[in-house]
Amino acid sequence: MPPPDEPQFRAHVASTGRLSPSLRRIRFAGAGLSDFSSSGDPDERVLIEFDGHRRSYTVRHWDPAAGTVDVDFAIHAGGAAAAWARAATVGSPVLLSRAKGWYHPPADANWQLLLADLSALPAAARIVENLAPATAVHVIAEVPDAGDEQHWVTTADLTVTWLHGTGNGHGPSALPDHLASLPLPPGPGYVWSAGESGASRTIRAHLRRRLGWGADRFDVMGYWQADKERWLARYREVESRIEELTARELSSGKSFDEVRDAVDAALDEAGL
Ligand SMILES: Cc1cc2nc3c(=O)[nH]c(=O)nc-3n(C[C@H](O)[C@H](O)[C@H](O)COP(=O)(O)OP(=O)(O)OC[C@H]3O[C@@H](n4cnc5c(N)ncnc54)[C@H](O)[C@@H]3O)c2cc1C
């Protein structure tokens, strides 16, 4: 059996459409998807292979009866995937990997906060749509344009704050400052956050260091890297140092989150 992250399910573009000014929805279909199944995590992602590139995208809808997978692509400047999604036509072939996700609120969480930029909006939307009735959830969503706001059908107790014009490749994300100034509800909660990697690191540091939260109370993911080419060039310079540090921290018996704290601090120090 191929490794879980190996794109292995053959599919093709069945339809494409404009969801909003900055999002394009592509439906994948094909006999190869008969073996595909959902992980059950609402933020599940697949690796999509197209024209020799592999990129991570969220399964916005999976219809097992029809055998279709819907993916919402952010259309941004630069990037093989964004360009592919902009130009994709019915019949274009792809391979999809198995799906997996990270959204795991602890059982005692009596409120949830979701922070998402445009790339994470499909996951946030699916999370909200799948919440149990009356779950208290606040979504802070950063989108390029007011026209990218979405309306979700849910029985959860939903509050949405839309931020426009920041982040998403148009400048620094406003999500970290927004979180830092937000009075959080009392009692145990859960934060799910995804977006640009630098902003995600700041958000994670706030939860972990400023608020002192345990790692089971949040899942914070970097979905993409601003100024990726410069970042990768600088990373290559410090890669061996970061790898040695990671190996050392792991072998000293530290938890995954403690190791991540140390790696995040080293990346900060390297200006990454
Ligand atoms: C678990 C997971 C789930 C994801 N789900 C989705 C999803 O459902 N929809 C979605 O659109 N994206 C999603 N992403 C993000 C997507 O994988 C990245 O945006 C990816 O880098 C796009 O590839 P690319 O080839 O277009 O750009 P790249 O080749 O990676 O980058 C080229 C240039 O584009 C810039 N760039 C890349 N992504 C963005 C962006 N989102 N906004 C602005 N500038 C960008 C980079 O900084 C770089 O300068 C997800 C990522 C992860 C890890």
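A residue counts as near the ligand if one of its heavy atoms lies within 4 Å of it. In this predicted model, 27 residues are found around the ligand, and R55, S56, A74, Q225 and K228 come nearest. The chain itself is assigned three domains, namely domain 1 (9-96), domain 2 (111-224) and domain 3 (229-269), and the points below take up the ligand, the domains and the residue Q150 in turn.

**The shell around the ligand**

- By residue class, the shell around the ligand is made up of 12 nonpolar, nine polar and six charged residues.
- Domain 1 (9-96) and domain 2 (111-224) each supply at least three residues to the shell around the ligand.
- The element with the largest share of the shell is β4, which contributes four residues.

**Polar atoms facing the ligand**

- On the side-chain side, K228, which is also one of the residues that come nearest to the ligand, places a polar side-chain atom 2.8 Å from an oxygen atom of the ligand.
- On the backbone side, a polar backbone atom of D72 lies 2.8 Å from a nitrogen atom of the ligand, while for a polar backbone atom of S119 the distance to a nitrogen atom of the ligand is 3.5 Å.
- Taken on its own, the ligand has 910 Å² of accessible area, and the protein covers 90% of this.
- Two or more residues of the shell around the ligand come from each of the strands β4 (53-58), β6 (68-74) and β12 (218-224), and likewise from each of the helices α1 (80-87) and α5 (228-251).

**Domain 2 and domain 3**

- Between the C-alpha centres of domain 2 and domain 3 there is a distance of 25 Å, and the contact involves six residues from domain 2 together with eight residues from domain 3.
- The size of an interface is often expressed as the accessible area that is lost when the parts come together.
- For domain 2 and domain 3, the area buried between them is about 740 Å², of which 29% is on carbon and sulfur atoms.

**Q150 and its surroundings**

- Q150 is placed in the loop that runs between β9 (136-143) and β10 (157-164).
- The side chain of Q150 is joined to the side chain of W152 by a polar contact of 2.8 Å.
- When neighbours within four places in sequence are left aside, the residues in contact with Q150 are L19, L23, L121, A125 and W162.
- A99 stands 51 residues from Q150 along the chain, and the C-alpha atoms of these two residues are separated by 24 Å.

Key
Residues are numbered from 1 along each chain as its sequence is written. This is a predicted model: local features need pLDDT of at least 70, side-chain atom pairs count only at pLDDT 80 or more; totals for chains, interfaces and linings use all residues. Side-chain values use heavy atoms; hydrogens and water are left out. A polar contact is a pair of N or O atoms within 3.5 Å; within protein, one must be able to donate a hydrogen and the other to accept it, and residues adjacent in sequence count only if both atoms are side-chain atoms. Accessible areas come from the Shrake-Rupley method with a 1.4 Å probe; for residues, only the protein chains shown count as cover. Ala, Val, Leu, Ile, Met, Phe, Trp, Tyr, Cys and Pro count as nonpolar, Asp, Glu, Lys and Arg as charged, and the others, Gly among them, as polar. Domain bounds come from an automatic or database domain assignment. Contact means heavy atoms within 4.5 Å. Buried area is the accessible area (1.4 Å probe) that two parts lose on being put together, summed over both.
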